[in-house]
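Colleague: Could you walk me through this one while I have it open on the screen? I would like to jump between topics as they occur to me.

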Amino acid sequence: MHLARFPRLVLGHFPTPLEPLKNISALLGGPKIWIKRDDATGLASGGNKTRKLEFLLADAVEKKADIIITQGATQSNHVRQTIAGAAKIGLPTHALLEKRVSEFGDDYQHNGNVLLDHLLGGEIVAHLPNGTDMQLAMEAHANQLREKGHNPYVIPGGGSNAIGALGYVACAEELLYQSSQQRLRIDIVVHATGSTGTQAGLVAGFSATNSHIPVLGISVRAPKQKQEENVWNLASRTRELIGVPGELSRHAVVANSDYVGEGYGLPTEGTLEAIRLLARHEGILLDPVYSGKGFAGLIDLIRRGHFRQDENIVFVHTGGSVGLFGYRQVLAS
């Protein structure tokens, strides 16, 4: 595996810290929990998409794109980071937002990530109803721009294709190096899984290096079978891209969809508890959509005795704390 052969920009602050959560580990009385601080990647408040964008935007530059197109939910962390990354290399971004959540009033519609989208110079070209085929909508917009003489580059939601997943192949390598330096035996990696690129990249990276560290994705949206199928497909394409021979075992992809609650972007009581616990005991901010649900799942699994006392769990913090400002209504209550 030789990632240096792929075009890559420098957009983030890497390596991100790998830190013990001593207070939370003691509070829960379970295994030792570590946190991989991908909320600290540095691009417009950070987040996991920065790793993917280093490869995606490099590909856009190589293809001589003049406009970036992407999509996400109203409070999309991916859209915010894409706009910021594109601004850094001098390209405009056209974003299509999907109205997946409508319960949280003006703060959700105009604050948080949406506020930063505008501040960073992104152009929101459409705000589409929930359930829209967003990939099709992006392609239609791209065709309109091509007719006007532009060369748009379309980035899928979450940056989740094989090129974007290279960012988390690199993260897997980074984790292996850091754990070696800290003499840390990683027994499992846990994170919130949504558009699949983060989990697919980690699975591909750990399998390619023969470390075979298990990855547990806590789903924020899709049912278990669908999520695992989507992750497996992307992990397989990513392994093919980096030249890993053989078929990926289906057992290498595990997702838990027990903590989705009422749906995407709707925090559960467990989500709110996780946000408060990390804030008040570790000074770390989770988000209400991804990392909050992911950590809520981890907390519940620890309480249920899912992990051994002597295990070391690494939780990948995928960022998104900017989104807290869109959820003032639910957090205040």
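Modeller: What follows is a conversation about a predicted model, taken topic by topic.

Colleague: Start with the annotation, then: which residues does the UniProt domain cover?

Modeller: The unreviewed UniProt entry carries the annotation "domain: Tryptophan synthase beta chain-like PALP", and by that record the domain covers residues 11-319. Over this stretch the chain is 45% helix and 17% strand, with the end C-alpha atoms 15 Å apart.

Colleague: Now the pockets. What is the volume of the largest pocket?

Modeller: The volume of the largest pocket comes out at about 880 Å³. Its lining is made up of 43 residues, and those closest to the centre are Arg100, Gly157, Gly194, Ser195 and Arg221.

Colleague: And which element supplies the largest share of that lining?

Modeller: That is α9, which contributes 6 residues to the lining of the largest pocket. Several elements give at least two residues each, including α2 (49-62), β3 (67-73), α6 (134-147) and β7 (188-193).

Colleague: How does the lining of the largest pocket divide into nonpolar, polar and charged?

Modeller: There are 25 polar residues in that lining, alongside 10 nonpolar and 8 charged ones.

Colleague: What about the second largest pocket, how much space lies in there?

Modeller: The second largest pocket holds about 160 Å³ of space. Among the residues lining it are Val203, Phe206, His212, Pro214, Arg239 and Glu247, and α8 gives the most to this lining, with 3 residues.

Colleague: Same breakdown for the second one, please: how many of its lining residues are nonpolar, polar and charged?

Modeller: For the second largest pocket the division is 7 nonpolar, 3 polar and 2 charged.

Colleague: Changing topic to the strands: which strands does β2 pair with?

Modeller: β2 pairs with β1 in the antiparallel sense over 3 bridges, and with strand β10, residues 312-317, in the parallel sense over 6 bridges. Taking one position from each pairing, proline 20 stands opposite tryptophan 34 of β2, while lysine 36 has valine 316 in β10 as its bridge partner.

Colleague: Is β2 mostly covered or mostly open?

Modeller: Mostly covered, since 5 of the 6 residues in β2, which spans residues 32-37, are buried.

Colleague: I was also looking at proline 17. Where is it found, and what does it touch?

Modeller: Proline 17 is found in the segment before β1, the strand at 18-20. Leaving aside residues up to four places away in sequence, proline 17 touches Ile35, Lys36, Arg37, Ala40 and Gln178. Its C-alpha is 8.0 Å from that of isoleucine 35, although the two are 18 residues apart in sequence.

Colleague: And why is proline 17 called partly exposed?

Modeller: Because the relative accessible area of proline 17 is 34%, and partly exposed is the class between under 20% for buried and over 50% for exposed.

Colleague: Which peptide bond is cis around there?

Modeller: The cis peptide bond runs from phenylalanine 14 to proline 15, with omega near 0°, and proline 15 likewise lies in the segment before β1.

Colleague: On backbone geometry, what are the phi values of serine 45 and arginine 183?

Modeller: Serine 45 has a positive phi of about 85° although it is not a glycine, and arginine 183, also a residue other than glycine, has a positive phi near 55°. Serine 45 lies in the loop between β2 and α2, whereas arginine 183 lies in the loop between α7 (162-181) and β7.

Colleague: How do serine 45 and arginine 183 stand on exposure?

Modeller: Serine 45 counts as partly exposed because its relative accessibility is 39%, while arginine 183 is exposed, because its relative accessible area is 79%.

Colleague: Last one: is valine 154 buried or exposed, and which residues does it touch?

Modeller: Valine 154, which sits in strand β6 (residues 152-154), counts as buried because its relative accessibility is 17%, and the cut-off for buried is under 20%. Not counting residues up to four places away in sequence, valine 154 touches Ile69, Gln135, Met138, Glu139 and Ala142. The C-alpha atoms of valine 154 and glycine 197 are separated by 16 Å, with their positions 43 residues apart along the chain.

Technical notes
Residues are numbered from 1 along each chain as its sequence is written. This is a predicted model: local features need pLDDT of at least 70, side-chain atom pairs count only at pLDDT 80 or more; totals for chains, interfaces and linings use all residues. Side-chain values use heavy atoms; hydrogens and water are left out. Helices (H or I, at least four residues) and strands (E, at least two) are DSSP runs, numbered from the N terminus. Buried means under 20% relative accessible area, exposed over 50%, partly exposed in between (1.4 Å probe, protein chains only). Contact means heavy atoms within 4.5 Å. On a 1 Å grid over the protein atoms alone, a cavity is a set of points where a 1.4 Å probe fits but cannot get out, and a pocket is an open set with protein on both sides within 12 Å along at least five of seven lines; lining residues have an atom within 4 Å of a point. Grid points are joined across faces, edges and corners, and a volume is the space filled by probe spheres set on the points. Ala, Val, Leu, Ile, Met, Phe, Trp, Tyr, Cys and Pro count as nonpolar, Asp, Glu, Lys and Arg as charged, and the others, Gly among them, as polar. UniProt positions are given in the numbering used here, feature names are shortened, and annotations may be inferred rather than shown by experiment. Two strands pair if DSSP finds at least two bridges between them.
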